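Trainee: I would like to go through this model and ask how each label is justified.
Mentor: Go ahead; the structure comes next.

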Amino acid sequence: MRLLTRIADVQRALDKEREAGRRVGFVPTMGFLHAGHGSLMHRARAENDIVVVSIFVNPLQFGANEDLAAYPRDLDSDLSLCESEGVDIVFNPDVTEMYPEANPFTVTVGEIGTKLCGRTRPGHFDGVATVVAKLFNIAGPCRAYFGRKDAQQLVVIERLARALNFPVTVVGCDIVREPDGLAMSSRNVYLKDDERRTALVLKRALDEATAAIGGGERDARRIERLMGSRISSEPLAKLDYAAVVDTETLDDLEQLAGPALLAVAAWVGKARLIDNTTVTLQGASSEGSS
Ligand code: AMP
């Protein structure tokens with residue numbers, strides 16, 4: 001496994017691989033890797049000849065009051081996980097390598113970035129799209145793997161790749177959870193014991209909504225209220241949103257009449273947590289089926 005920190009070195013290495021006829025699989029991350037990231041690497045390893053993981057905490061996607069400085073980092077442990085997943089190249093640039101200018105050129109995603117998480121994180125998806133556009137140009141033609149844990153991010157990146165014609169196939173991967181159901185996240189490390197128990201309420205809210213839909217509920221506002229009041233019933237949780245939206249446009253649905261994305265976000269202690277599931281009309285949870 002090679003650790004590279006310079007953009008030009010990654011581009012040169014991957015161009016050489018492609019010239020030799022090898023397919024590149026790419027997994028962008030912000031590090032502090034866990035089994036959720038591992039599952040993306042695992043799939044990339046199975047479907048490609050060369051696997052590249054980027055580890056870069058992207059300042060552009062953090063708001064002024066967010067946790068950029070506190071974001072957890074552990075490069076040694078990250079490199080061990082990459083090694084054990086059979087990764088070939090880890091790209092770990094510093095901020096000046098990625099953004100040499102004080103006022104970087106950025107990508108604007110438009111309306112899709114103002115929904116769901118965009119309401120409380122203005123500019124977040126512009127920051128995500130900017131770094132992913134750069135990373136796609138650094139990795140070159142490849143398959144790129146993203147988790148459905150960040151459902152809105154996946155929608156934004158699929159749009160980005162299509163709209164700006166990146167020669168990249170975007171692959172969505174299922175959410176990996178702790179045994180008790182909590183979606184794995186680097187930010188779970190912020191949770192104290194009682195908050196860790198509280199955090200389970202996000203998945204519980206999604207499960208109750210899925211069960212209600214299975215029982216015939218079709219009214220999106222009622223399903224949102226069900227999820228929202230479940231989350232708000234936990235004293236240590238502060239609801240951000242509970243939404244029932246179209247899986248592609250992320251527009252609010254009124255009545256369920258096809259696949260729907262159920263998405264929730266809440267602050268628990270210092271952590272802002274998100275979770276989601278996709279439901280079919282039968283009410284069967286189909287996380288990751290779209
Ligand atoms: P991050 O390091 O949080 O930016 O995440 C990097 C990639 O890993 C993104 O595509 C995430 O959606 C994905 N990811 C993070 N957590 C999970 C999880 N629990 N299950 C599946 N994918 C995940």
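**Labels and their cut-offs**

Mentor: Eight nonpolar, six polar and three charged residues form the shell around the ligand. Nonpolar here means Ala, Val, Leu, Ile, Met, Phe, Trp, Tyr, Cys and Pro, charged means Asp, Glu, Lys and Arg, and the others, Gly among them, are polar. The model is predicted: local features need pLDDT of at least 70 and side-chain atom pairs pLDDT 80 or more, while totals for chains, interfaces and linings use all residues. Residues are numbered from 1 along each chain as its sequence is written, and side-chain values use heavy atoms, with hydrogens and water left out.

Trainee: What makes a residue near the ligand, and how many residues surround the ligand?
Mentor: One of its heavy atoms must lie within 4 Å of the molecule. 17 residues surround the ligand, and the closest are His37, Gly147, Asp150, Val176 and Met184.

Trainee: Which elements supply at least two residues of that shell?
Mentor: Strand E2 (24-29), helix H2 (35-47) and strand E5 (142-147) each do. H2 gives the largest share, three residues. Helices (H or I, at least four residues) and strands (E, at least two) are DSSP runs numbered from the N terminus.

Trainee: Why is the pair between the ligand and aspartate 150 called a polar contact?
Mentor: The term requires a pair of N or O atoms within 3.5 Å; within protein, one must be able to donate a hydrogen and the other to accept it, and residues adjacent in sequence count only if both atoms are side-chain atoms. An oxygen atom of the ligand is 2.6 Å from an N or O atom in the side chain of aspartate 150, so the pair qualifies. A nitrogen atom of the ligand is 2.8 Å from a backbone N or O atom of valine 176. The protein covers 93% of the 480 Å² of accessible area that the ligand has on its own; such areas come from the Shrake-Rupley method with a 1.4 Å probe, and for residues only the protein chains shown count as cover.

Trainee: Why is lysine 115 called buried?
Mentor: Its relative accessible area is 12%, and buried means under 20%, exposed over 50%, partly exposed in between (1.4 Å probe, protein chains only). Therefore lysine 115 is buried. Lysine 115 sits in the loop between helix H4 (95-98) and helix H5 (117-120).

Trainee: What is lysine 115 in contact with, leaving aside neighbours within four places in sequence?
Mentor: Gln152, Thr249, Leu250 and Asp251; contact means heavy atoms within 4.5 Å.
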